[in-house]
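Reader: I am new to this structure and would love a close look at one part of it. Could you walk me through how the side chains there meet, starting with the rings and going on to the cysteines?

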Amino acid sequence: MRKITHTVKTFLLATFLVTVLAGCQGSSSITPGTPLPTEASTPTGTILPPRSLTICLGEEPKSLYIYGGSDLAARTILEAVYDGPIDALNYSYTPVILKSLPTLQNGGAILKPVAVKQGDKIFDDAGAAASLVPGVKYRPAGCTDASCVAAYSGGSVMMDQLQVTFVLKSGLLWSDGEPLTADDSVYSFELSSSPDTPAPAGLTRAILGTQAYEKLDDLTVRWTALPGNIDPSYSHRFWVPLPRHAWGTMSAAELLTADASTRTPLGWGPYVIQSWTAGTEITLKKNSNYFRAGEGLPHFDTLHVKFISSDGRLGISALLSGECDVVDQTVQLDDQIAEIQNLQSQKNLQAAFATGTAWEHLDFNLKPATGKDPLDYQDVRLREAIAFCLDRQKVVDQALGGLSAVPADYVPPQDPLFNKDVAKYPFDTARGTALLEQIGWKDLDNDPSTPRTAQGVAGVVNGTQLVLNSTMVFTELRQAAAAIYGASLMECGIGYVASSTDNSMFVASADGLLFGRLFETAQFGWIAGVEPACELYTTAEIPTIDNGYSGSNPTGFSNPEYDQACDLSHRSLPGTTAYLQNQYQAQKIFAEFLPSIPLYLTVKMAVARPDLTGLIMDPTADSDLWNLEAFDISAS
């Protein structure tokens, strides 16, 4: 499924802060179905031949430099180069090279009142970095909502400040044998803060919200937020270490194109990049300085990462022929779920599935750039009727093999922060048609196979037919889903026209169909992460000329109560009542006003040879290879 990347709190941000069959020539050096002996079963003194594993991707990464732009293929390969430093697993964060994650409860984080004076940098009431000057609105120490906001009038005032300490595990080494220290994380912060580094918006906000990021000793780094920056992501505000000893002579601008950073970056993970053959593959070798080498990890001496077609059929063929041992989610496998399930039942391959956090949705254009839409989606009853008349569960069952779910809002139902009490709209044609009748959409010819007609619908010309026009970038999955949606909508007397467009036209800024708000309804996907992304639908995210038409809210939905709840959730710390209540309140308002209908959660999947062990798909891990070091071939 094609997804649109934006400034949501995704694992991509966590990665920054913590952190083509024809192209797949030759075959893996492990023959599928032929188990090799493991180290544990090797007689003393026996020398085994080198072991290798071939992983196939659907695309070639553009760069492996974490501040030089990122794509899923790059992040997949970097799982081999870096291990952590923090993994996003099952809707929480897990430290990998840190002793623990700092929290208020364990003392690693401290929230304390500090004195600030005129001219000091703070986070103001709008949640932006500002100088404290007369008239600036700020939140005094202990203030958690808008009721206690004050306007600065001079002198010294008290504000709350977060201070967070991260401690590295001892004995960590770069793959070249040099010690990995706290200074390497400070160096990473310096690079990300450089004006020559094109940091993404989420990272920019983290940098602007920082008063200091400093080394306390070789294993300890401390992040101090600006006064007033009550950051719910504080526990993983740790910058991915980068090797000052190897890169320190290069400028931030030079690192954007240098081979040392973009093609062969040093890491501390299980593998080291040996070579990169453009258009074909990247070869990696076992890292003898890996901090888990004493556990016998990784299990393979060589890792071949080959670039094949993104076509799911070709990816499966490459696996079955032995050209690949693993085919990851950069290959578009979601169109092949039924075939994959069949091959798995025959034990020709194994599949790893997880209901992902990326969600497909149908957006209504509530504020069209060209004036009012003919159906006037401003009436929430029409949006509710459409939701009741969409058989979303049938899409999950048939097109997604029953492996997904229909979300009620922008938070996956398996997320601990999902509000189970939000309004839900199951497939119910009786409720849908009752709403349509109430609005004035009438079935004048008593023929459910023809669209209803407007008779006294406010803001709609009498005689207008009820036809939902939806624009999307077609994939096989979307086309299969569209057929189901069209049939179910017609049961309510709603016509449905699904039109495909080129992706570049769809997501272009001012003149694009989506962000230029030139659509009636639009279907596409957002990628969510560990933290719920309520900011997707705030007023500030409506695409306008002021934000370069880059806002994430093309619906034009604007609700002050929603904005406030979302804002307060971002200004509260996890574990507090305010954090949970405002997360729940934002979801409740979204589901009530329904600016967008969640359709289905995407299925994350990878396929592998049947005897591969260790392949575990996690809903919030950003790569299938998050535990690559544990991959092995079963001896039985």
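Author: Happy to! Let us begin with two rings: Phe 388 and Tyr 425 are both buried. Please keep in mind that this is a predicted model. The ring centres of Phe 388 and Tyr 425 are 5.3 Å apart and the planes meet at 65°, so this pair counts as edge-to-face. The two rings come from distant parts of the chain, 37 residues apart: Phe 388 belongs to helix H10 (residues 380–389), while Tyr 425 sits in the loop between H11 and H12.

Helix H10 also holds a cysteine, Cys 389, whose partner Cys 492 lies 103 residues away, in the loop between helix H13 (476–490) and strand E20 (495–500). A disulfide joins Cys 389 to Cys 492, with 2.1 Å from sulfur to sulfur. Its S-S torsion is about -95°, so the link is left-handed. Cys 389 is buried, at a relative accessible area of 0%, and Cys 492 is buried too, at 1%.

Now back to the loop that carries Tyr 425. Ser 404 is found in the loop between helix H11 (392–398) and helix H12 (429–439). Why does Ser 404 count as buried? Its relative accessibility is 12%, and the cut-off for buried is under 20%. Leaving out residues up to four places away in sequence, Ser 404 touches Thr 355, Val 396, Tyr 600, Leu 601, Thr 602 and Val 603. With one of these, Leu 601, there is a polar contact: the side chain of Ser 404 reaches the backbone oxygen of Leu 601 at 2.3 Å.

From here we can look at rings elsewhere in the chain. The count of aromatic pairs comes to 19. One of them is formed by Tyr 138 and Tyr 152, which meet edge-to-face, 6.4 Å centre to centre and with 75° between the planes. Tyr 138 lies in strand E7 (residues 137–138) and Tyr 152 in the loop between strand E8 (150–151) and strand E9 (157–167), so this pair ties together parts 14 residues apart in sequence. Both Tyr 138 and Tyr 152 are buried. Rings can also join in a group: Trp 359, Tyr 410, Tyr 537 and Phe 590 are linked by ring pairs into a cluster. A ring can have a charged partner as well, as with Arg 263, which lies over the face of Trp 276 at 3.9 Å from the ring centre.

Last come the other cysteines. There are four disulfides by count. Among them is the bond between Cys 56 and Cys 324, whose sulfur atoms are 2.0 Å apart. The torsion about this S-S bond is about -90°, so the disulfide of Cys 56 and Cys 324 is left-handed. Cys 56 is in strand E1 (residues 52–57) and Cys 324 in the loop between helix H8 (312–320) and strand E15 (326–327), so the bond ties together parts 268 residues apart in sequence. Cys 56 is buried at 0% relative accessible area, and Cys 324 is likewise buried at 0%.

Another disulfide joins Cys 534 to Cys 566, at 2.1 Å from S to S. With 80° about the S-S bond, the link of Cys 534 and Cys 566 is right-handed. Cys 534 lies in the loop between strand E21 (521–526) and helix H15 (560–570), and Cys 566, 32 residues apart from it, in helix H15. Cys 534 and Cys 566 are both buried. Counting bonded cysteines along the chain, the disulfides follow the pattern 1-4, 2-3, 5-6, 7-8.

Definitions and conventions. Residues are numbered from 1 along each chain as its sequence is written. This is a predicted model: local features need pLDDT of at least 70, side-chain atom pairs count only at pLDDT 80 or more; totals for chains, interfaces and linings use all residues. Side-chain values use heavy atoms; hydrogens and water are left out. Helices (H or I, at least four residues) and strands (E, at least two) are DSSP runs, numbered from the N terminus. Buried means under 20% relative accessible area, exposed over 50%, partly exposed in between (1.4 Å probe, protein chains only). A polar contact is a pair of N or O atoms within 3.5 Å; within protein, one must be able to donate a hydrogen and the other to accept it, and residues adjacent in sequence count only if both atoms are side-chain atoms. Contact means heavy atoms within 4.5 Å. Rings of Phe, Tyr and Trp (its six-membered ring) pair if their centres lie within 6.5 Å; planes under 30 degrees apart count as stacked, over 60 as edge-to-face and the rest as tilted. A charge sits over a ring if NZ of Lys or CZ of Arg is within 6 Å of the ring centre and within 35 degrees of the ring normal. A disulfide is a pair of cysteine sulfur atoms within 2.5 Å.
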